[in-house]
Amino acid sequence: ILFFEAQRSGYLPHNQRITWRANSGLNDGKASGVDLVGGYYDAGDNVKFGLPMAFTITMMSWSIIEYGKQMAANGELGHAMEAVRWGTDYFIKAHPQPYVLYGEVGDGNSDHYCWQRPEDMTTDRRAYKIDPSNPGSDLAGETAAAMAAASIVFRRSNPAYSRELLRHAYQLFEFADKYRGKYDSSITVAQKYYRSISGYNDELLWAAAWLYQASNNKYYLNYLAKNGDSMGGTGWAMTEFGWDVKYAGVQTLVAKFLMQGKAGHHAPVFEKYRQKAEYFMCSLIGKGSRNIQKTPGGLIYRQRWNNMQFVTSASFLATVYSDYLTSYRGSLKCAAGNVAPSELLSFAKSQVDYLLGDNPRATSYMVGYGNNYPRQVHHRGSSIVSIKVNPKFVACRQGYATWYTRKASDPNVLTGALVGGPDAYDNFADERDNYEQTEPATYNNAPLLGILARLAGGHGGYNQLLPVVSPAPNPVIAKLKPAPKPKWTPTPASSSSPITINQKMTTSWNHKGKTYYRYSTVVTNKSYKTVKALKLSISKLYGPIWGLTKSGNSYGFPEWLNTLPAGKSLEFVYIHAASPADVSVSSYNLA
């Protein structure tokens, strides 16, 4: 999530955690008489490209919709929602009239000619739009999908904002459907960078699926059924999913609607979508009729340039499909036979383990994670000294001469960024000019958000159980008794307390006739100051505890922590054969 903060354009908020960045792009849209300040830079450059930005927001929203509970348990849900809102606030500005959408600010050619911090940009910041005479159904469709998915994210916490997003989504879908055309025929400067090779039919179906999920409006369900064949939703058997080609994502969502019992008389068409979704899943785990290529180390391999985007997006689909099937008590039917849903989740885990360092090079492809991660990232802001450290202006070509060619580690660590990754043989060169492998992108990280939340949730796993079916017991846990609902136990301190305590049961098992429960407890510092000398009081604890140090009758920070900075959380776990222990804050200092 921190990587998204490093990619922010516009006026940075007071709670910005990536502090080496400053305000940038403050005149974006001005020349066209529209305010386009904000949004995200998509990768290592300073252009705002609408199509990948919208796909990023859709996937981040989907991550939260499926695994928001797990994010909340880890104290990250608020940050994830802020990351979505940074995108949707921009899309509201970029959509000033029902049939007008701004799809790019800046252009790749002039931007790539310079190597500058976003704060120093001297490049052309022209804005490019689509409208009825210059349509772009793929761009408008993907933005509609992003707005619809995000409206679900904010439905409870901010109903008025959620309704506003849905209103934009309806209009954008209508615009996309009514005025058909490829966006890069209208915004031709995007062709070299984000050309829509798959056309716009996949985005129209994708937007319809998200609008149905957000509104429950049968019009969109009927649209999926009526256009499934003609637009390729039921026909395309895919082995990739990403910012350009959405078919596998559509097929996964429609399969979900089918399992939820929402298909009605459309079941035969939806069944065809589902077969294609399963074709994709089988190809990932090597059990299909045409399997996806993998490196010798086991990473999905699709192309030389930024291969990692396909790894995370495919692994995300495998993760949610595994959970859908588990809740539906179904199995995956592959050419090589039936497969248990848990195999899909194991596959996703193997991909995440690889990208975090479990690979032949023992390299973590996430910047700032592990000991051996990329130090020369192809990223302007990261590779040039922070404007806060040295405010001296860096000119267009000067950046190349001084910073780009420097064979040294980046002055600013781009924490959390997932780079393009290794080649077909697991080889990787950590060099700034090796942009195929060392450039990060927002759409690499967005789907990873959901997978990490799911994997961090342990066996207490899938919370996105389909409303129509009852949850199947998790196959990993033997002889499962109906476990008590994960019980959230807020701290007894007053509601204004700067420290919150959330407890959650993550798993349970039987041993010699007794049921044991594992509880995860997250302590979060909600204040703007640092918590020191924290003392917790824990009673009704009848088993071992990990992640705290006991002193006398109270518990304090573990050895590896002395303080809890603003907004940060610590987690401890304990196991016993009873309901949650009573945990409360007995004392602390704010500094």
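**Exercise 1. Find which residues E439 touches beyond its neighbours in sequence, then decide whether E439 is buried or exposed.**

Step 1. Setting aside residues up to four places away in sequence, E439 touches A43, G44, D45, W305, H378, L418, V419 and G420. Keep in mind as you look that this is a predicted model.

Step 2. Now place E439 along the chain: it belongs to the loop between helix 17 (435-438) and helix 18 (442-456).

Step 3. The relative accessible area of E439 is 13%. Buried means under 20%, so E439 is buried.

**Exercise 2. Work out which residues the "active site" annotation covers and how they are arranged in space.**

Step 1. Start from the record: the unreviewed UniProt entry gives H378, D430 and E439 under "active site".

Step 2. Next, compare sequence with space. These residues are spread over 62 residues of sequence, yet they cluster in space, with a largest C-alpha distance of 10.2 Å.

**Exercise 3. Describe the surroundings of H378, from its loop to its polar partner.**

Step 1. Locate the residue first: H378 sits in the loop between helix 14 (341-355) and helix 15 (380-383).

Step 2. Check its accessibility. H378 has 9% relative accessibility and therefore counts as buried.

Step 3. List its contacts, leaving out neighbours within four places in sequence: G44, W115, Y404, R432, D433, Y435, T438, E439 and P440. E439, another residue under the annotation, is thus among the contacts of H378.

Step 4. Look for a polar partner. A polar atom of the H378 side chain lies 2.7 Å from the backbone oxygen of R432.

**Exercise 4. Reconstruct the sheet: its strand order, its pairing and what packs on it.**

Step 1. Here is a reminder to begin with: strands of a sheet pair through backbone hydrogen bonds, either parallel or antiparallel.

Step 2. In this model, 3 strands make an open sheet, ordered 1-2-3, with antiparallel pairing. At the edges are strand 1 (48-49) and strand 3 (127-130), each of which pairs on one side only.

Step 3. Take the pairs in turn. Strand 1 pairs with strand 2 (residues 101-105) over 2 bridges in the antiparallel sense. Within strand 2, V105 is the bridge partner of K48, and E104 is that of F49.

Step 4. Strand 2 also pairs with strand 3, again antiparallel, over 4 bridges. One of the bridges takes V105 to its partner A127 in strand 3.

Step 5. Ask how enclosed strand 2 is. Of its 5 residues, 5 are buried, so strand 2 is largely enclosed by the rest of the structure.

**Exercise 5. Determine how the span of helix 3 compares with expectation, and where M81 fits in.**

Step 1. Helix 3 (residues 77-94) has 18 residues and reaches 26 Å from its first C-alpha to its last. That is close to the 26 Å expected at 1.5 Å a residue.

Step 2. Pick out its buried residues: H79, A80, M81, A83, V84, W86, G87, T88, Y90, F91, I92 and A94.

Step 3. Now zoom in on M81, which has its place in helix 3. Its relative accessibility is 15%, so M81 counts as buried.

Step 4. Finally, find its partners. Not counting residues up to four places away in sequence, M81 touches I64, V153, F154 and S157. M81 and F154 are 73 residues apart along the chain, while their C-alpha atoms are separated by 8.0 Å.

Methods: Residues numbered from 1 in each chain as written. Predicted model: local features only at pLDDT ≥ 70, side-chain atom pairs only at ≥ 80, totals over all residues. Heavy atoms only, no water. UniProt positions renumbered as here; feature names shortened; annotations may be inferred. Buried < 20%, exposed > 50% of the residue type's maximum accessible area, 1.4 Å probe, protein only. Contact = heavy atoms within 4.5 Å. Polar contact = N/O pair within 3.5 Å; in protein donor to acceptor, adjacent residues only side chain to side chain. Pairing = 2+ DSSP bridges. Axes fitted to C-alpha atoms, helices over the stretch in contact; angles between N-to-C directions. Expected span 1.5 Å × (residues − 1).
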